[in-house]
Amino acid sequence: MKNKFNIFFIIDETTFHHPLFFKDFLINLKDDLVGVGLVTKIKKKNSLDRYFFNNFYKFYISEIFKLVFLKYTRMILDKFSFFSNKCYTVKSILKKNKINFFEIHYDVNKKEYLDKIKKLNIDILISSNSLIFKKELLSIPKICTINRHSSLLPAYGGLLPVFQAFKSGEKYTGVSVHLMNNKIDDGEVIVSESIKINKRDTLDSLYKECFSISAKLIIKAINKIHQKDYKGFSNNTTRSYFTFPTQKDWKLFRKRGGRII
């Protein structure tokens with residue numbers, strides 16, 4: 001590939017879908033990944049883990065058991081990832097592939113993080129995380145910043161978009177990769193792909209599908225940027241934005257047969 005881009009990736013740490021997604025991204029990337037910002041601490045008010053913990057009574061007992069079992073099993077297995085080809089955290093993948101990274105706590109816009117990113121002379125910044133990017137961070141890459149989001153934007157911006165789509169009775173959810181600006185989940189959609197919602201689906205199975213196609217969509221978006229093709233992709237959806245689900249949202253989710261896992 002001529003004129004490879006210098007790419008920096010900011011990604012949430014999780015034992016669920018991010019590790020496989022990030023591994024797939026690395027396998028297919030033809031450009032240079034010059035560094036990664038690994039988000040390991042999030043403010044309580046914005047933390048998905050904290051939200052689920054505070055709302056555990058909305059979960060079925062079987063869901064709690066499965067989630068706890070999977071999380072801690074993967075954490076234990078990850079301790080032995082050095083001796084196998086399987087990694088269960090993003091950090092283990094980064095270490096195994098000897099990728100330069102640093103951990104991010106609470107706010108990615110702190111000067112110490114911005115200074116580290118500025119030194120890397122990046123062309124593209126990629127986002128798949130829970131933090132808000134401010135103007136100075138967005139201005140660092142020479143070309144653009146792109147974000148991966150689990151919905152058919154501009155519909156279902158914000159938090160837990162797949163939950164909200166299921167609750168609303170949508171027939172499809174999906175993944176969008178879009179140019180970032182100073183508004184959350186805004187900006188031109190570069191590429192997008194839909195996923196059909198079936199009655200047998202759970203929130204976990206749908207997110208698994210979303211992340212299974214996310215790496216190829218990001219690669220596709222990067223290739224379009226190589227071709228200087230920033231033409232917007234239309235999903236023909238109406239713009240909407242959601243915060244954490246309310247009690248009413250949970251009732252509708254369960255009424256439609258919604259399950260977490």
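Colleague: Which element gives the most to the lining of the second largest pocket?
Modeller: Helix 1 does, with 5 residues; a pocket here is an open set of points on a 1 Å grid over the protein atoms alone where a 1.4 Å probe fits, with protein on both sides within 12 Å along at least five of seven lines, and lining residues have an atom within 4 Å of a point. This is a predicted model, where local features need pLDDT of at least 70 and side-chain atom pairs pLDDT 80 or more, while totals for chains, interfaces and linings use all residues. Residues are numbered from 1 along each chain as its sequence is written, and side-chain values use heavy atoms, without hydrogens and water.

Colleague: Which residues lie nearest the centre of that pocket?
Modeller: Of the 20 residues that line the second largest pocket, Phe16, His17, Leu20, Arg74 and Lys208 lie nearest its centre. Two or more lining residues come from each of helix 1, helix 3 (61–78) and helix 8, the helices being DSSP runs of H or I with at least four residues and the strands E runs of at least two.

Colleague: And which residues of helix 1 are buried?
Modeller: In helix 1, which spans residues 18–28, His18, Pro19, Phe21, Phe22 and Phe25 are buried, meaning under 20% relative accessible area with a 1.4 Å probe and protein chains only, whereas exposed means over 50%. Seen down the helix axis, these buried residues of helix 1 fall within an arc of 165°, taken from the directions to the C-beta atoms, so they line one face of the helix. Leu20 and Ile27 are exposed on the face of helix 1 turned away from that buried side.

Colleague: What about Thr15, buried or exposed?
Modeller: Thr15 sits in the loop between strand 1 and helix 1, and with a relative accessible area of 11% Thr15 counts as buried. Apart from neighbours within four places in sequence, Thr15 has contacts (heavy atoms within 4.5 Å) with Lys71, Arg74, Met75, Tyr88 and Thr89.

Colleague: Switching to strand 4, how many of its residues are buried?
Modeller: In strand 4, 5 of its 5 residues are buried, with Ile124, Ile126 and Ser128 on one side and Leu125 and Ser127 on the other.

Colleague: Which way do strand 4 and its partners run, parallel or antiparallel?
Modeller: Strand 4 runs parallel to strand 1, joined by 5 bridges, and parallel to strand 5, joined by 4 bridges, where pairing needs at least two bridges found by DSSP. Ser127 of strand 4 is the bridge partner of Ile10, and Asn147 in strand 5 is the bridge partner of Ser127.
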